[in-house]
Amino acid sequence: MLVITALLAHALLLGGPLARRLAKARWVSRHPRAALRLWHAGALGLLGSVTGALVLAAHDVWEHGMVWLFHADKPLIHAAYGGAWQVRGIAEAALLALLLGAAGLSVTAVRRAVSLSRERDRHRLTADTQGGYDDGDPSIRVLAHAAPAAFCIPGTGSRSRIVVTTAARDLLSADELAATLEHERAHLRLRHHRTLLAADVLTAALGWAGLLRDYADQARRLAEMAADDHAVRMHGRRTVASALLEMCHAPGPTGPGESAGFAMTGPDPAERIRRLISAPLATAGPLTRFLTAAATAAVVMLPLLLALGPALLLADTAHMGG
């Protein structure tokens, strides 16, 4: 019972206070990629804790596996995981909750992925049939439109597209246009669409309970900052800020929203511009990378350590049984 309580407490801590604190932390704007990894690790750790708690609640199933795997004494394993906490039907209820939860998340993820795929196919078809080709990059389409805009349409292999309107091409300088295109390439290269799909699904599934409520919004915010940083390394921060400022002057054309693709003027453009022009972007040093990796590993591995801890302590105790 103690292990189950610890796992549930870990899940509540990750999805509640720690997630809210991370959403308000100032350092994340300096290291968006590290913060994005922590958000994903926190979500994975929460899922691992909840899953572990439900599996442990079905202690009859768990105990047999631990006795066999660690050659442990069955009564001691039962005392560690089940103890005196006996409720009729708890194993069946826990496994049912686990199966229903996994099925619900799977169905939501598949439906969301199919919907996004169809929406992106429509936008890709529009870009391919109505847009012109860029001689320098076969994945870029130039779409005739009076409003300046640039966005990418994720896809596998050669199906990825970067779309820029004629108005944006005419508005931006050569350096600004190159920075804008590099920003969109970063989204595609870093596979942001996949992690945002997971963030959307988990936020929809758990947000109503106050867990990971800011996950999807923060993931989008940090993904844009990470793409900005990638463009900055190639073209300089003031060029990227200038391009973003120019693109914000007019609304973009009717096209993919935040669900179907990434637009250059995505979430929080004002915050991103201030961030770009206020000071040189920080570079993650060895200590920062180590601490981020350590925190990420700890968040992800703690549920497993909590679940296996008692069994590890009781390894090779089978000979002690009566």
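## Contacts, helix packing and two positive-phi residues

Among contacts in the protein chain between residues at least 6 apart in sequence, 72% join residues at least 24 apart. Contact here means heavy atoms within 4.5 Å.

This is a predicted model: local features need pLDDT of at least 70, side-chain atom pairs count only at pLDDT 80 or more, and totals for chains, interfaces and linings use all residues. Residues are numbered from 1 along each chain as its sequence is written, and side-chain values use heavy atoms, with hydrogens and water left out.

**Overall make-up.** The protein chain holds twelve helices and five strands. Both are DSSP runs numbered from the N terminus: helices are H or I with at least four residues, strands are E with at least two. Of the 322 residues, 43% are buried. Buried means under 20% relative accessible area, exposed over 50%, and partly exposed in between (1.4 Å probe, protein chains only). The chain exposes about 16,400 Å², and carbon and sulfur atoms supply 63% of that area. Accessible areas come from the Shrake-Rupley method with a 1.4 Å probe; for residues, only the protein chains shown count as cover.

**H1 against H12.** Helix H1 (residues 2–24) packs with H12 at an angle of about 170 degrees, and their axes lie 9 Å apart. H1 is therefore roughly antiparallel to H12. Angles over 145 degrees count as roughly antiparallel, under 35 as roughly parallel, 65 to 115 as roughly perpendicular, and the rest as oblique. Axes are lines fitted to C-alpha atoms, for helices over the stretch in contact; angles run from 0 to 180 degrees between N-to-C directions. From H1, Val3, Ala6, Leu7, His10 and Leu14 take part. They meet Val299, Leu302, Pro303, Leu306, Ala307 and Pro310 in H12.

**Leucine 302.** This residue lies in helix H12 (residues 286–313). Leucine 302 counts as partly exposed because its relative accessibility is 33%. Met301, Leu302, Leu304 and Leu305 form a nonpolar surface patch, with about 340 Å² of accessible area together. Patches are made of residues with over 30% relative accessible area and no salt bridge; like charges are joined within 9 Å, nonpolar side chains (Val, Leu, Ile, Met, Phe, Trp, Tyr) within 5 Å. A salt bridge is a side-chain nitrogen of Lys or Arg within 4 Å of a carboxyl oxygen of Asp or Glu.

**Positive phi in two loops.** Neither arginine 191 nor leucine 212 is a glycine.

| Residue | Phi | Loop | Relative accessibility |
|---|---|---|---|
| Arginine 191 | about 55 degrees | between H7 (174–189) and H8 (192–206) | 39%, partly exposed |
| Leucine 212 | near 55 degrees | between H8 and H9 (215–235) | 2%, buried |
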